[in-house]
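Please open the model in a viewer and keep the selection tool at hand. The tour proceeds by selections, each followed by an account of what is found there.

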Amino acid sequence: MDEIAVLTIFEIIFNFIGASFRWIFGNLWRTMTNKPKYAFKEYLNGAKKSTEYYDKLLHGTSNVIVGVVVTLLIILMVIML
C-alpha cells in the first residue's frame, strides 16, 4: 500500500514538472510563430472542451515522461559541475 502512495506522489510531481516544461516551451514556440497560446491547465489536463478519457491520460503520460527526463538531465548537469 505504501508503494502505491509513493508512486502516486512521484506521478503528481513529475506530471507537474513535465507540464511546466511543456508550457514554457510551448508558449515560447507559439509566441515566435504567432499562434494562440494554451493555458497551463490545458498542458496539465488536456484540452478544455475534450471529453475523451485518453486525452487526459496521454497528456499525463507525456508530462510524466518529460518530467522524468528533465529531472534526470538536471541531476546529470549538477553532477558534472
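Which residues are buried in α3? In this predicted model, the buried residues of α3 are H59, G60, N63, G67 and V70.

**Helix α3**

Select residues 53–80, which make up helix α3. This helix has 28 residues, and the distance from its first C-alpha to its last is 41 Å, close to the 40 Å expected at 1.5 Å a residue. Then display α1 and α2 as well, since both are included in what covers the buried residues of α3.

**Helix α1**

Move next to helix α1, residues 2–32. Its 31 residues should span 45 Å at 1.5 Å a residue, and the end C-alpha atoms are indeed 45 Å apart, so expectation and model agree. Colour F14, N15, G18, A19, S20, G26, N27 and R30, which are buried in α1. The buried residues of this helix pack against α2 and α3. After the helix, select N34, which follows α1 and has a positive phi, near 55°.

**N27 and its contacts**

Return to N27, in helix α1. Is N27 buried or exposed? Its relative accessible area is 14%; because buried means under 20%, N27 counts as buried. Now show what surrounds this residue. Apart from neighbours within four places in sequence, N27 is in contact with K37, Y38 and Y43. For K37, a distance between C-alpha atoms may be drawn: those of N27 and K37 are separated by 6.0 Å, although the two residues are 10 residues apart along the chain.

**The aromatic pairs**

How many aromatic pairs does a search of the whole structure find? The search finds 5. Select F16 and F40 to view one of them: the ring centres are 5.5 Å apart and the planes stand at 70°, so the pair is edge-to-face. F16 belongs to helix α1 and F40 to helix α2 (residues 40–45), so this pair ties together parts that are 24 residues apart in sequence. Both rings can be examined from the surface: F16 is partly exposed, with a relative accessible area of 48%, and F40 is partly exposed, at 23%.

Keep F40 selected and add W23. How are the rings of W23 and F40 arranged? Their centres lie 6.0 Å apart and their planes are at 90°, so this pair is also edge-to-face. The pair links distant parts of the chain, with W23 in helix α1 and F40 in helix α2, 17 residues apart. W23 is partly exposed, with a relative accessible area of 32%. With F16, W23 and F40 displayed together, the ring pairs can be seen to link these residues into a cluster.

**The nonpolar patch**

From W23, extend the selection to F21, I24, F25 and L28, and switch to a surface display. Together with W23, these residues form a nonpolar patch on the surface, with about 460 Å² of accessible area together. One of the patch residues, F25, is placed in helix α1 and counts as partly exposed, at 47% relative accessibility. W23 thus appears at two stops of the tour, in the aromatic cluster and in the nonpolar patch.

Technical notes: Residues are numbered from 1 along each chain as its sequence is written. This is a predicted model: local features need pLDDT of at least 70, side-chain atom pairs count only at pLDDT 80 or more; totals for chains, interfaces and linings use all residues. Side-chain values use heavy atoms; hydrogens and water are left out. Rings of Phe, Tyr and Trp (its six-membered ring) pair if their centres lie within 6.5 Å; planes under 30 degrees apart count as stacked, over 60 as edge-to-face and the rest as tilted. Helices (H or I, at least four residues) and strands (E, at least two) are DSSP runs, numbered from the N terminus. Buried means under 20% relative accessible area, exposed over 50%, partly exposed in between (1.4 Å probe, protein chains only). Patches are made of residues with over 30% relative accessible area and no salt bridge: like charges are joined within 9 Å, nonpolar side chains (Val, Leu, Ile, Met, Phe, Trp, Tyr) within 5 Å. Accessible areas come from the Shrake-Rupley method with a 1.4 Å probe; for residues, only the protein chains shown count as cover. A salt bridge is a side-chain nitrogen of Lys or Arg within 4 Å of a carboxyl oxygen of Asp or Glu. Contact means heavy atoms within 4.5 Å. The expected span of a helix is 1.5 Å times one less than its number of residues.
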